[in-house]
Amino acid sequence: MRRLPPSAIRLPLMALLLAAPALASTKSVAGGSPGVLTLPPNDQPAVALALSFRAGAIDDPIGKSGLTNLTARVLSEGGTESLTAKQLLEALFPMAATVRARVDKEQTTFFVTVHRDHVQKMIAILGDMVAHPRFDAAEFSRLRDATINDVGKRLRQGDDENLGKEALGELMFRNHAYGRLNLGHVSELRKLTLDDVKKQWARLYSRDRLTIGVAGGYTPDMVEKLKDTVKLLPEAGAPLVPIALQQPHKPRVLLVEKPTASTAVSIGLPWSLTRQSPDFAALLVARSAFGEHRQMNGRLMQRLREQRGLNYGDYAYIEHFEQEGGDAVTAQTGRARRQGEFTIWLRPVQNENALFATRAALYELERSFTTEPFSDAEIERTKGFLDGYVLLYAQTEARKLGYALDDRAVGNNRAFLENLRADIAKVTTADVNRAWSRMKTLMPALEIVMVGPNAAAMKQAIVTNAASPMHYQKDAEGNVPKKPDALLAADKVIEKLPLGVSGDADVEIIPVAKMFE
């Protein structure tokens, strides 16, 4: 079993492989009025509020990556004209409320859930955050330094998993509007000024870019009050940044050199699939059968973790995914994108097994659309699992509102969340395998990021296609537990699986200190 050579890739056809529609347009609202999106009111005591702007990291000027994210932090954490940052915290505390600002490639969303007894006060604060920010110089410096530390210390030094995933994002989208870390690069963040933030606010925070979202136990007057609080925003902002469809690149590997006891692996490519694509539900089922996030039912988890004990988890994703946080397994909302991506995430493995684990994931991927397509039993079991699992997506009014705002942001006219269970129920095994098998043509374009030590030796092994035998853990007596013959036979195939690179130029080494610098 081998990966196809780069010459087999037909990059101009990648956008057609999944029959996805053209990238959704994002027309301004007529007259510069904000859009309003409300879910049916109910008798719940909580009200979810959101201000979602069509502005994100794609709006960062050249040389000023992270400016949009920093601007949102200054607005949500730096105080308003009437409240200092400290007073803002003191006002929110009795309401048990926290305003969160989430900045992604194309969206900036301020969202909060508050008890209806406090909603009128909360609406005034939320509106003041975006329409009447304080722009305090000391708070700006604090938040800029905190962001620099987040990239330089937390991400580069203490979070190998997300370091690899973010590095893959920049690799997949080089020379594309998505090609810079949302948080920004350290050297560029250091140069940002408060004046930069003020100008970015003036460019992006306008009524024509805004959608107001409300859900839960609200009343119509609350919606009108929220509209009133943002009426002083400019009618129109800067023109929207166009998004060109990124074509998959030929196979390449990025090795982030870092002295670690384990290696984090991320694999992926850009593609045209979005939630509007007719095959999305079928591919969602296939993805779950192959490797659902933090679940044990997928082939990746069963064969890399359970059978071989390689690591804690192995998952696949058919769209950009960031976990909600804490112990939650659901995806964050506020990250809808007009450009899709397919990725595989291997949680850190022992360094001696890093190359084997990478090859094992590719081996299982290739088998899933060649010699071992998904069976009827797998698909029925997966559909049964998803029928209940996707209910977690809508656990709160805030999450329901988030999905609805995502639909609005990318021009999805068919409510994704409302139709998801029915769409999954209609999918057949034939649908799943037909849609999934199209990846056979995409697979030669997969790109890989590995975060770990000994990058030079790893590069040599990849370029020369050196064997990488599986090293099983020994028991207390120093013996390797007996493994099934079929598993050992598969190991022999996997250890020699080529990664598809053509030579030295396709394998790049970056010291961790220079990553996102």
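In this predicted model, 6 strands are assembled into an open sheet whose order reads S8-S9-S7-S10-S6-S11, and the pairing within the sheet is mixed. Its edges are occupied by strand S8 (314–317) and strand S11 (507–511), each of which pairs on one side only, while the twist from one strand to the next averages 15 degrees. At the S8 edge, the neighbour is strand S9 (residues 340–350), which runs antiparallel to S8 and is joined to S8 by 4 bridges; within this part of the sheet, tyrosine 315 stands opposite tryptophan 345 in S9.

Two helices can be placed against these strands. Helix H11 (residues 354–368) packs on the sheet and touches strand S7 (262–271), S9 and strand S10 (447–452), with a direction that makes about 140 degrees with that of S9. Helix H17 (residues 455–463), for its part, lies across strand S6 (253–257), S10 and S11, and runs at about 160 degrees to S6. S10 is thus named among the strands touched by H11 and also among those that H17 lies across.

A further open sheet is built from 5 strands in the order S1-S5-S2-S4-S3, again with mixed pairing. Here strand S1 (35–38) and strand S3 (100–103) stand at the edges, and because each has a single partner strand, one side of each is left without a neighbour in the sheet. Neighbouring strands of this sheet are turned against each other by 15 degrees on average, direction ignored. Farther in, strand S2 (residues 46–53) and strand S4 (residues 108–115) pair in the antiparallel sense over 8 bridges, and one of the bridge pairs links alanine 48 with threonine 113 in S4. Helix H13 (residues 397–409) packs on this sheet, where it touches S1, S2, S4 and strand S5 (210–216), and its direction makes about 150 degrees with that of S5.

These sheets and helices belong to a protein chain that has 18 helices and 11 strands. The C-alpha trace of the chain spans about 70 × 50 × 50 Å along its principal axes. For 517 residues, a compact globule would have a radius of gyration near 24 Å, and the protein chain, at 24 Å, agrees with that expectation. Buried residues make up 57% of the 517 residues, and of the contacts with a separation of 6 or more, 86% are between residues 24 or more positions apart. The accessible surface of the protein chain comes to about 21,200 Å², and carbon and sulfur atoms account for 53% of that area.

Note on methods: Residues numbered from 1 in each chain as written. Predicted model: local features only at pLDDT ≥ 70, side-chain atom pairs only at ≥ 80, totals over all residues. Heavy atoms only, no water. Pairing = 2+ DSSP bridges. Axes fitted to C-alpha atoms, helices over the stretch in contact; angles between N-to-C directions. Contact = heavy atoms within 4.5 Å. Rg over C-alpha atoms; globule rule 2.2 N^0.38 Å. Buried < 20%, exposed > 50% of the residue type's maximum accessible area, 1.4 Å probe, protein only. Areas by Shrake-Rupley, 256 points an atom, 1.4 Å probe, with all protein chains shown as cover.
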